[in-house]
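User: I would like to go through this structure by question and answer. Please keep each reply short and end on the item asked for.

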Amino acid sequence: MAPPIARSPRPSPRLPQRAGQLNRGGAGPWAPREAAAGGRPPRRGRAGERGTGRRGGARRTMAAAAAPGQARRGAPMYSQKELTSKKRDDFEDILEERRLSSDLRYAMKCYTPVIYKGLSPCKPNAIKSTVLQSEQVQYVIKQLAKEMGESPDIIQEEATEILDEMGHSMQLGTIRFFAFTLSKIFKQLFQRVCVNEEGMQRLQHAIQEHPVVLLPSHRSYVDFLMLSYLLYTYDLALPVIAAGIDFLGMKIIGELLRRAGAFFMRRSFGGNRLYWAVFAEYVKTMLRTGYAPIEFFLEGTRSRTAKTLTPKFGLLNIVMEPFFKREVFDTYLVPISISYERILEESLYAYELLGVPKPKESTSGLLKARRILSDNFGTIHIYVGQPVSLRTLASGRVSRCPYNLVPRHLPQKPSEDIQEFVRDVAYKMELLQIENMVLSPWVLVAAVLLQNLPAMDFELLIEKTLWLKGLTQTFGGFIEWPDNLCAKKAVVSGLTLHSNIARLVDGHVVLNDKGVEDGAVGEIVFKHALAILMCATYRNQLLNVFVRPSLVAVALQMTRSFRKEDVYSCFSFLRDVFSDEFIFFPGISLKDFEEGCFLLTKCDAIQTSQQEIYPTDKGGVTVSFLSAMFRPFVEGYQLIFRYLSKETKEAFTEKQFIPGVRNFIFQLLEKGNTQCYEALSSDMQKNALAALVQLGAVKKKKVSNEFTYNVNQEAVNKILDMFDAGIPVQKPVAARL
């Protein structure tokens, strides 16, 4: 790692502490930036070029989306982002000061965080007592005791054990220990940790006004450690964090995480009514009292591919319920985008995707991983989005009246309208995360390189990377291009940082799959797939920006027609098929199509009339590039569908499906019948299976605590024909099969 550049010391990034300092004239999280900052002009960051980013883009998107009357059923809360040149918040490097001052002094600083105005101070054990004595938990205990013929005291004791297992026990001493330790570790691992300070200003106000829910993206185990570290740095209330029960298996570390604010949840509740009641009430009690911001990951688990995973709704349902029941006036949801220039678990993820079992979380495993401290993982960017008012989102969209008709302590299944609203909010939050993800030059290099394997001329790579940079900016991508660095140096810097993935040999850039020529054919295929999947992890970060125009480009090539109706029909089909690969707001296929067409028109790739879409003379290069970028998904799904149409005759489970389809594709690769190595990814295989379930071509049912699948061969063959022949289809085609 290069030594830090010496800079003159600057004041700590601690935010002003009292509401009066930042809240003059009634400024709050929705107030203009100048008012919210007490008149302080924004500081210029050093994160480099912002491309066509949008300053406060999330703010405008939310304001438009959440305006009364705009979020009603039939007019979804998601509004297309303004596709014009705007500027996002600037970044500050919080490690800069850490390199210039004492870590011990930092850890032992006077920590007086701003807190929720309605907070009644209490200790973790007091929260547990409140939960156990709550009407909700007591009602379930009595019901279970009656049904099971047990004494309520026995059920109560079980509830106490559940709380002891899951509950956090946050202690300032442990927080200070982590602050000191993480400072040392982060300075070793990362060159910079950059955060948008204006986002921290907005978050500070939100924490004081209403209960806050933090919703970060999830790419690494570093995510929740980094977020707590960040809030401690800025003297904000530390969050309580939903963590998987697996971490409790880590001796010492599990207990330290508990004392740092982690509360633990089982991966599956398995219909355990008592566990669900205790867990839900524990989370809602912390939210109602404003005890601390609540943090969890909408994706549910780390994304192994760097693509955003489809959201899970369970915890979001829980944190929204106090608002529906009028137990809180409002709740702020805060989307947070965490972008890694190099992901710590990149090689581990590639092995997992190829079927190598994930190592179990353990203290010994963590100690073995300390060798990564000698590596350089570049820069992290953390973009704290605009707090989103749940009250504003719900205005005109949902009615809370049904909750008034039932006592609050009685379990109540959410209505279809509420479930649809929760789903829409989840997708909205993930789209806001995606909007503010930062892209490094290496992301562009990886995208170009994967289309030019096995080797690419270095000068041509630079030229294509610059071209792709311009296209990404035109599409609204948030590019971080190092200050005053020419294209050649930026590409070389990326290759140096990612030397484990690609290298420069005799003027050509090749994948770093050393030893791929040696060994058996199967071993060669595995090593090459490993290198491609690691490289694809970074290209995938670009797909979030490119997915809509790219699907239009793919549809143009598949239909071989210029009729807008045909192209849209194919686009809509592809959007449905890839609904688990990429994040689309439900029910707005036409808007997504219009956005894709607009962006392609903006870069002069296509021209449109009322009835037709056709590439321009110079647009062929762009359309071909975008189609090639998504070719691994089109070809991968074709292979997986072909396996299901020919190789599966009886019902199967996912555990049977994944090895079977992997072996099928592996054999095709060994014989040279395909070059789609990405089809070996278990993530793509699971998503393709889920797509067929949604299209009605595969039936899914639960048998003995696991799901089984039955294939409709005719339906799968027809979908496969659409891919092979590029026949335009209407949305309900699968229902007619």
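The turns below cover the chain as a whole, then its strands and sheets, then some local features.

User: How many helices and strands does the chain have, and what share of its residues is buried?
Analyst: This is a predicted model. The chain has 30 helices and 19 strands. Of its 737 residues, the buried share is 58%.

User: What percentage of the contacts with a separation of 6 or more comes from residues 24 or more positions apart?
Analyst: The contacts considered here are those in the chain with a separation of 6 or more. Residues 24 or more positions apart account for a share of 79%.

User: What part of the area exposed by the chain do carbon and sulfur atoms supply?
Analyst: The chain exposes about 30,200 Å². The part supplied by carbon and sulfur atoms is 54%.

User: Why is strand 8 described as largely enclosed by the rest of the structure, and which residues cover its two faces?
Analyst: Strand 8 spans residues 379-384, and six of the six are buried, so the rest of the structure largely encloses it. In a regular strand the side chains alternate between the two faces of the sheet. Here one side holds Thr 379, His 381 and Tyr 383, all buried, and the other side holds the buried residues Ile 380, Ile 382 and Val 384.

User: Which residues stand opposite Ile 380 in the pairings of strand 8 with strand 2 and strand 7?
Analyst: Strand 2 (residues 192-195) pairs with strand 8 in the parallel sense over four bridges. Strand 7 (residues 332-340) is joined to strand 8 by five bridges and runs antiparallel to it. The bridge partner of Ile 380 from strand 2 is Val 193, and the residue opposite Ile 380 from strand 7 is Tyr 340.

User: Is strand 3 buried or exposed, and which residues lie on each side?
Analyst: Five of the five residues of strand 3 (residues 212-216) are buried, so the strand is largely enclosed by the rest of the structure. Both faces are covered: on one side are Val 212, Leu 214 and Pro 216, and on the other are Val 213 and Leu 215.

User: Which residues of strand 7 and strand 6 are bridge partners of Val 213 and Leu 214?
Analyst: Strand 3 and strand 7 run parallel and are joined by five bridges. Strand 3 also pairs with strand 6 (residues 294-295), in the parallel sense over two bridges. The partner of Val 213 in strand 7 is Leu 333, and the partner of Leu 214 in strand 6 is Glu 295.

User: Which strands stand at the edges of the open sheet 11-14-13?
Analyst: Three strands form this sheet, with antiparallel pairing. A strand at the edge has a single partner strand, so one side of it is left without a neighbour in the sheet; this applies to strand 11 (455-457) and strand 13 (502-505).

User: What is the average twist in that sheet from one strand to the next?
Analyst: The strand order is 11-14-13. From one strand to the next the twist averages 30 degrees.

User: In strand 14, which residue is the bridge partner of Arg 503?
Analyst: Strand 13 and strand 14 (residues 508-511) pair in the antiparallel sense over four bridges. The partner of Arg 503 in strand 14 is Val 510.

User: In the open sheet 17-19-18, which residue of strand 19 is the bridge partner of Val 698?
Analyst: The pairing in this three-stranded sheet is antiparallel. Strand 18 and strand 19 (residues 706-711) are paired over six bridges. The bridge partner of Val 698 in strand 19 is Val 711.

User: Which helix packs on this sheet, and what angle does its direction make with that of strand 18?
Analyst: The helix is helix 28 (residues 682-694), which touches strand 17, strand 18 and strand 19. Its direction and that of strand 18 make an angle of about 100 degrees.

User: Where is the cis peptide bond that leads to Pro 454?
Analyst: Pro 454 is in the loop between helix 20 (441-449) and strand 11. With omega near 15 degrees, the cis bond runs from Leu 453 to Pro 454.

User: Is Arg 560 buried or exposed, and what is its phi?
Analyst: Arg 560 lies in the loop between helix 23 (521-559) and helix 24 (564-577). Its relative accessibility is 66%, so Arg 560 counts as exposed. Arg 560 is a residue other than glycine with a positive phi, near 50 degrees.

User: Which residues make the nonpolar surface patch of about 290 Å²?
Analyst: One of them is Leu 104, found in helix 5 (residues 103-107). Leu 104 has 51% relative accessibility and therefore counts as exposed. The patch is made by Leu 104, Met 108 and Phe 180.

Note on methods. Residues numbered from 1 in each chain as written. Predicted model: local features only at pLDDT ≥ 70, side-chain atom pairs only at ≥ 80, totals over all residues. Heavy atoms only, no water. Buried < 20%, exposed > 50% of the residue type's maximum accessible area, 1.4 Å probe, protein only. Pairing = 2+ DSSP bridges. Axes fitted to C-alpha atoms, helices over the stretch in contact; angles between N-to-C directions. Patch = residues over 30% accessible without salt bridge, like charges linked within 9 Å, V, L, I, M, F, W, Y side chains within 5 Å. Areas by Shrake-Rupley, 256 points an atom, 1.4 Å probe, with all protein chains shown as cover. Salt bridge = Lys/Arg side-chain N within 4 Å of Asp/Glu carboxyl O. Contact = heavy atoms within 4.5 Å.
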